[in-house]
Amino acid sequence: MRRLKDLIENRLSRRSVLSGTAAAAMLVTAGAIAPVHADDVNTTGLAVTEDTVKVGILHSVTGTMAISETGSVQAEKLAIEQINAMGGVLGRKIEYIQEDGGSDWPTFAEKAKKLLVSDKVAAVFGCWTSASRKAVLPVFEQYNGMLYYPTFYEGLEQSPNVIYTGQEATQQILAGIDWVAKEKGAKSFYLLGSDYIWPRTSNKIARKHIEKLGMKVVGEEYYPLGHTQFNSVINKIKLKKPDVIYAIVVGGSNVAFYKQLKAAGIDMTKEKPVLLTISVTEDEIRGIGGENIEGAYAAMKYFQSLDNENNKDFVSAFKERWGDDIVIGDVTQAAYLGPWLWKAAVEKAGSFDIDKVRLASPGIELTTAPEGYVRVHENHHLWSKTRIGLAKPDGQYELVYETADLMEPDPFPEGYQ
Amino acid sequence: MINLKSFMARQDILALLILAAVIFVAMPLSMDIFRLNLFGKYLTYAFVAIGLVLCWGKGGILSLGQGVFFGLGGYCMAMYLKLESSTPEATAIQSTPGIPDFMDWNQITALPWFWEPFNSLTFTLIAIFVVPALFAFIIGAAMFKRRVGGVYFAIITQAIAAILTILIIGQQGYTGGVNGITDLRTLKGWDIRSDEAKYILYYVNGALLIGVLILCQFVLQSKLGRLLVALRDKEDRVRFSGYDVANFKIFVFCFAAVLSAIGGAMFTLQVGFMSPSFVGIVPSIEMVIFCAVGGRLSIFGAVYGTLLVNWAKTTFSETFPELWLFGLGALFIAVVLVFPNGLSGLYRSYLAPHVDRWIFRKPPEEPSTGPEPLGTPAYDPEAVTRPAE
């Protein structure tokens, strides 16, 4: 009903010619059946008609990133279909235009521009890697679009044209390190990661936090994306005997890393060393094989196994739509939040205009999120809980810890740069 | 025009005029600025493809590393633009204001020495030509003087492309890593992102391309051009005739490198960023495909080939986001099976005879240009029956 009230107020303020309760009553009935006139909710020429609104989906469905991004595409489509089944947004059905970024950053920029300039979409759900986000960012800022970005990432960014539905680095890292220090009595850490901005920035924050807590880092190493020979670092790990291996290896390299770790006799199910990762979701475990990563811990905000009503509904709807053998990782869930957050912001603003949606976004809450409850911060990131999961041989995580409170997103952490 | 005719056959002039008409009139009239900007982006790849015609089609030197030079040109431009947009005011949020954002993310606190000169536009413009030329010269001299050629040369160029990509990605504090250099805004205070700037850049790009085509035509019609073809077909004979084969090869390789770099610099200006995904093996091979689709012996064919492949890429991927690669694959297979000499081969076999008859032979008002240039296949009545060039 709040929506209706917003609409009526919106109308009345614009059409002061109409007056009296008769007109209001008429509008109540009309509002319930016919949506508000397209011009009123869209003053900037977006692709909004009397009964539809166009949005864009921009992920890689071909190339090396396709395996990771497919889950996000599925989640976004599912959310859009569910929203449409509930009557759409401001009485309009969402139509999506899907574009393929092809795992190629310039292509992302080209397609983003196409969605904003030619298709005039009201929002875009998309991107996965930081590189693709960095490539489209100037496009979104120049043409004033709205991007819902699902991946956990390195922070150091806060654009008025992006809502970050994944966690930024501090949310993922601080709680994880606190937990491993307290619960596992860790004193020394070995940091390693793939060689690009996200693992490097994350390890920088991790190192600062580790040292702040009076523990020490005994090694820090990076390997190129796609690297498959981890024997030398595994030997160093065996030599230095750290309490915690802090791994931010991404993509296909994970398969080699965990298999070689196991082959080298580092048994993660034992007390020490603890393996803590922020980059392996259920999606990656499919490639690694549950038996190879059994006993590792992951720090992120969502696991498929979360035991709450929202998540049960989400998982069953997801499986019904996309098949029973599917797994749902952290990013997939964050991607699912995108269309819902956008819907809530549009309805709060009573308009599809990007500027109004932006103003309406901070403070938007979702109580129906599969991860539980999230709220949009002033800085366009989400307040969310951080959870620790224990990897099981069946490829799922078992929840072992979650923060009591929501973690505040802090993309520019003081003292960690 | 007299001057032009001495090295351009009438058919080539016609081809040039048609291409100019397409670039300067037809496309701007039929497209909105977004599509035109895309088209301009395709045209920057055409520089590389033209270079490959000279290097590979005419000279027989297959380089699978042209992306390296495209990237060098593009990065030189991007470094200048990035420095200009990284003013202390614009980067006040960083721990070290005044340096490019990615350096700050990588804990670098001062501008590296090799970035310093890129504060100057003059230096940058010179670097766009000199850096790739010098690099190509070093590779060329090292290879050709030792008589490394053919497949071995192709493999080495590919290795260089791989090495440079790894270097760029690995040294992300200095290069922007896998993200590339993004968020470029202005050139000497002139906003390159506005629609007006895009139109201007598009025309500059088109004019450069036409200029390059004329220059290449000049090179090909000169003695040098014929020597290139000769050393492709019988390298030993050229050597025994007393020519220093290696020097010619080095020259054409450097020339192609500079052309690629011009394309790269124009790419950066029009698209607004540069990343290692243009430097590596895959884009380099793609550039060879552009050239092959166009027909590797024709500089005009190379331009159309580039446009066709990129247009197909964009259109297929917009229409079938999950299946488009199959469509593109089918196109390449069709090229190899059905018209192995590319678009220019098709033109030579099917259209050129008619063009000859209707435009150049029939109308009486078309005056004869005197002695016809030698070695121009377009004038050879046997051209149709010969294996198409």
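Asn144(A) is partly exposed, because it has 14 other C-beta atoms within 10 Å. (A residue is buried with 20 or more other C-beta atoms within 10 Å of its own, exposed with 12 or fewer, and partly exposed in between; C-beta atoms are placed from the backbone.) This model is predicted, and local features need pLDDT of at least 70, side-chain atom pairs count only at pLDDT 80 or more, while totals for chains, interfaces and linings use all residues. Residues are numbered from 1 along each chain as its sequence is written, and chains are lettered from A and ligands numbered from 1 in the order in which they are written.

## Backbone exceptions

Most residues other than glycine have a negative phi, and most peptide bonds are trans. Asn144(A) departs from the phi pattern: its phi is positive, about 50°, and it is not a glycine. Asn144(A) sits in the loop between α6 (130-142) and β4 (147-149) of chain A. Helices (H or I, at least four residues) and strands (E, at least two) are DSSP runs, numbered from the N terminus.

Chain B has a case too. Lys188(B) is not a glycine, yet its phi is positive, near 50°. The loop between β1 (186-187) and β2 (190-191) of chain B holds Lys188(B). Is Lys188(B) buried or exposed? Lys188(B) is exposed, because it has 9 other C-beta atoms within 10 Å.

The peptide bond between Lys272(A) and Pro273(A) is cis, with omega about -5°. Pro273(A) belongs to the loop between α10 (253-263) and β9 (274-277) of chain A.

## The seven-stranded sheet of chain A

An open sheet of 7 strands runs in the order β7-β6-β8-β9-β10-β14-β15 in chain A, with mixed pairing. Strands pair if DSSP finds at least two bridges between them. At the edges stand β7 (216-223) and β15 (397-402) of chain A, each pairing on one side only. From one strand to the next, the twist averages 25°. Helix α7 (169-183) of chain A packs on the sheet. α7(A) touches β8 (244-248), β9, β10 (297-300), β14 and β15 of chain A. The direction of α7(A) makes about 140° with that of β10(A). (Axes are lines fitted to C-alpha atoms, for helices over the stretch in contact; angles run from 0 to 180 degrees between N-to-C directions.)

Another helix, α9 (231-240) of chain A, lies across β6 (188-194), β7 and β8 of chain A. α9(A) runs at about 175° to β7(A). Within the sheet, β14 (387-391) of chain A and β15(A) pair in the antiparallel sense over 5 bridges.

## The three-stranded sheet of chain A

How many strands form the open sheet β11-β12-β13 of chain A? There are 3 strands, in that order, and their pairing is antiparallel. β11 and β13 (382-383) of chain A stand at the edges with a single partner strand each, so one side of each has no neighbour in the sheet. Helix α14 (330-349) of chain A packs on this sheet and touches β11 and β12 of chain A. The direction of α14(A) makes about 140° with that of β11(A).

Strands β11 (365-369) and β12 (372-376) of chain A run antiparallel and are joined by 3 bridges. β11(A) and β12(A) form a hairpin with 2 residues between them.

The table lists facing residues from the two sheets.

| Residue | Residue opposite | Strand of the residue opposite |
|---|---|---|
| Leu366(A) | Val374(A) | β12(A) |
| Ala369(A) | Gly372(A) | β12(A) |
| Ile388(A) | Tyr401(A) | β15(A) |

## Helices of chain B

Helix α4 (66-85) of chain B packs with α7(B) at an angle of about 40°, and their axes are 8 Å apart. α4(B) and α7(B) are therefore oblique to each other (not under 35 degrees, over 145 or from 65 to 115). Gly67(B), Val68(B) and Gly71(B) of α4(B) meet Ile160(B), Ala161(B) and Leu164(B) of α7(B). This contact divides into 4 nonpolar, 2 polar and no charged residues. (Ala, Val, Leu, Ile, Met, Phe, Trp, Tyr, Cys and Pro count as nonpolar, Asp, Glu, Lys and Arg as charged, and the others, Gly among them, as polar.)

Helix α10 (223-233) of chain B has Gly225(B), Leu228(B) and Leu231(B) as its buried residues. Their cover includes α3, α9 (195-221), α11 (235-240) and α12 (245-271) of chain B. The face turned away from the buried side of α10(B) carries the exposed Lys223(B) and Asp233(B).

## Where the chains meet

In all, 28 residues of chain B are in contact with 32 residues of chain A (C-beta atoms within 7 Å). On the side of chain B that touches chain A, the elements giving two or more residues are α3 (33-58), α7 (150-170), α14 (299-319) and α15 (324-338) of chain B. α7(B) gives the largest share of that side, 3 residues. By class, the side of chain B that touches chain A has 12 nonpolar, 12 polar and 4 charged residues.

Notes. Two residues are in contact if their C-beta atoms, placed from the backbone, lie within 7 Å.
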